[in-house]
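Let's take a friendly walk through the contacts in this model. Please have a look at the structure below, and then we can go through it together.

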Amino acid sequence: MSNPQQLRYSKEHEWLSAAEDGVSTVGITEFAANALGDVVYAQLPEVGSAVTAGETCGELESTKSVSDLYSPVTGEVTETNEDVVNDPSLVNSDPFGQGWLFKVRVAEEPADLLSADEYTAQNAG
Amino acid sequence: MSSTEPTELRHTALDAVHRSLGATMTDFAGWDMPLRYGSERDEHLAVRTKAGLFDLSHMGEITVTGAGAADLLDYALVGNIASVGVGRARYTMICQADGGILDDLIVYRLAETEYMVVANASNAQVVLDALVERSAGFDAEVRDDRDAYALIAVQGPESPGILKSLTDADLDGLKYYAGLPGTVAGVPALIARTGYTGEDGFELFVKPEHAVELWQALAKAGEGVGLVPCGLSCRDTLRLEAGMPLYGHELTTALTPFDAGLGRVVKFEKEGDFVGREALQEAAAKARQNPPRVLVGLIAEGRRVPRAGYAVVAGGQVIGEVTSGAPSPTLGKPIAMAYVDAAHAAPGTEGVGVDIRGTHEPYEVVALPFYKRQK
């Protein structure tokens with residue numbers, strides 16, 4: 001699998017798009033989606049809520065387990081992907097596209113976000 | 001992820017095949033087993049509608065032979081094993097002296113004085129040790145045959161057709177819970193009509209050195225009818241829909257067969273003593289007077305999935321505990337098995353919920369199983 005070059009990544013397997021008008025899109029990587037298995041339920045943060053980098057903001061449930069969803073940045077949630085709420089399998093079928101999770105007005109970014117190459121290397125083992 | 005001491009995992013004879021198919025592997029009772037090859041949901045639905053191919057080589061086979069084999073098994077297990085006909089199989093349990101369930105088993109009678117006991121992978125050593133200990137004084141030999149067999153299962157409505165194309169064995173004459181020796185794709189096999197999916201299907205016990213050859217032949221024979229390789233993940237959702245208990249979830253040493261609603265496997269009428277008889281008689285009497293918690297099915301109204309250990313609630317009180325839960329691919333909703341107080345066990349009981357990480361989600365109480373195949 002290839003991780004898109006234009007995105008940045010958290011160690012917890014979220015991706016973050018480059019900000020447009022201060023707003024970035026967040027999803028989980030294909031690596032994370034594969035590890036989860038079929039996603040069957042997505043609890044996303046509420047629009048207007050504050051999220052903090054590295055802290056839990058929702059959960060993703062798969063056949064076998066529940067995983068916390070972390071925010072890769074600090075900011076305010078401006079939109080959530082209702083298509084994913086209605087059809088969580090989008091997270092598996094198109095994690096970097098239609099399976100995006102939420103948009104966030106970025107207030108602060110942590111210093112340790114990874115480039116595509118760094119993230120790929122982290123999960124190569 | 002929690003870090004644990006690295007331990008040497010055991011690999012089945014089909015390990016290279018799984019890796020070439022791109023399986024996601026998982027540690028299961030010390031074995032490196034395929035969890036899924038692609039989507040576990042697709043694998044599940046393939047077994048329900050077409051066919052699935054499973055590597056179950058982690059299961060523990062123990063052979064019991066000798067003139068006293070039947071007597072030993074009647075003493076060691078709760079079932080009436082002497083009454084099993086040659087070529088037939090029986091679902092039974094092995095209990096502790098206090099009645100607690102050590103494991104659930106399938107016992108095949110291969111010959112007049114030869115039985116094969118199949119234990120769960122996680123309990124195989126416990127069962128082996130118990131059988132050896134209980135064999136003292138019986139004219140019988142207990143043999144560890146865990147390394148002597150690979151086990152491949154073909155499950156699903158297309159499985160009889162697939163197998164028929166590879167064997168001359170009389171499959172039409174082979175009933176559910178029966179087994180016969182034969183040849184499949186040129187490989188000697190014990191062909192058993194058993195499984196753990198709720199579908200018609202077969203389990204093939206073969207020598208490990210024949211496993212790859214047999215797997216490839218089955219995969220090829222099933223190509224045109226939708227056979228897919230299946231991992232342990234869909235095996236769990238299949239058995240859950242079929243209402244079949246899983247050791248460590250619905251069955252534990254803390255429960256007797258009567259607590260688990262499976263008192264019918266205990267045969268008090270058989271001759272002679274058996275391990276656990278006294279305790280089980282008390283458990284049976286207690287169950288009649290004061291019904292224990294009942295194993296029921298729960299179907300979610302919402303989408304959040306109940307997991308083992310979650311509390312079942314009603315009117316703000318804990319009335320039970322989930323033992324297994326998963327999204328059901330067949331029903332399209334989360335389902336669970338749970339032990340609940342008898343007062344709340346009737347199908348359709350109002351006001352029952354599951355505490356899912358702090359929120360009480362509504363659930364419908366139903367009778368098991370969730371799914372029964374059309375015959």
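## Where chain A meets chain B

In this predicted model, about 1300 Å² is buried between chain A and chain B, and carbon and sulfur atoms give 40% of that area. Buried area here is the accessible area (1.4 Å probe) that two parts lose on being put together, summed over both. On the chain A side, the residues that lose the most area to chain B are A:Asp38, A:Thr63 and A:Lys64, which together account for 41% of what that side buries. Counting contacts (heavy atoms within 4.5 Å), 19 residues of chain A and 15 residues of chain B take part.

A word on conventions: residues are numbered from 1 along each chain as its sequence is written, and chains are lettered from A and ligands numbered from 1 in the order in which they are written. Because the model is predicted, local features need pLDDT of at least 70 and side-chain atom pairs count only at pLDDT 80 or more, while totals for chains, interfaces and linings use all residues; side-chain values use heavy atoms, with hydrogens and water left out.

## Polar links between the chains

Four salt bridges cross the interface of chain A and chain B, each being a side-chain nitrogen of Lys or Arg within 4 Å of a carboxyl oxygen of Asp or Glu. One salt bridge joins the side chains of A:Glu61 and B:Arg357, at 3.4 Å from N to O.

On the chain A side, helix 1 (30-36), strand 4 (39-43), strand 6 (56-62) and helix 2 (82-86) each supply at least two of the residues that touch chain B. Helices (H or I, at least four residues) and strands (E, at least two) are DSSP runs, numbered from the N terminus.

## Inside chain B

The domain assignment, automatic or from a database, splits chain B into domain 1 (14-57 + 149-242) and domain 2 (292-366). Taken over C-alpha atoms, the centres of these two domains of chain B are 31 Å apart. Their contact takes eight residues from domain 1 and 11 residues from domain 2.

About 700 Å² is buried between domain 1 and domain 2 of chain B, with 69% given by carbon and sulfur atoms. In domain 1 of chain B, B:Arg239, B:Leu240 and B:Glu241 lose the most area to domain 2, together 64% of what that side buries. How many salt bridges are counted between domain 1 and domain 2 of chain B? The count is zero.
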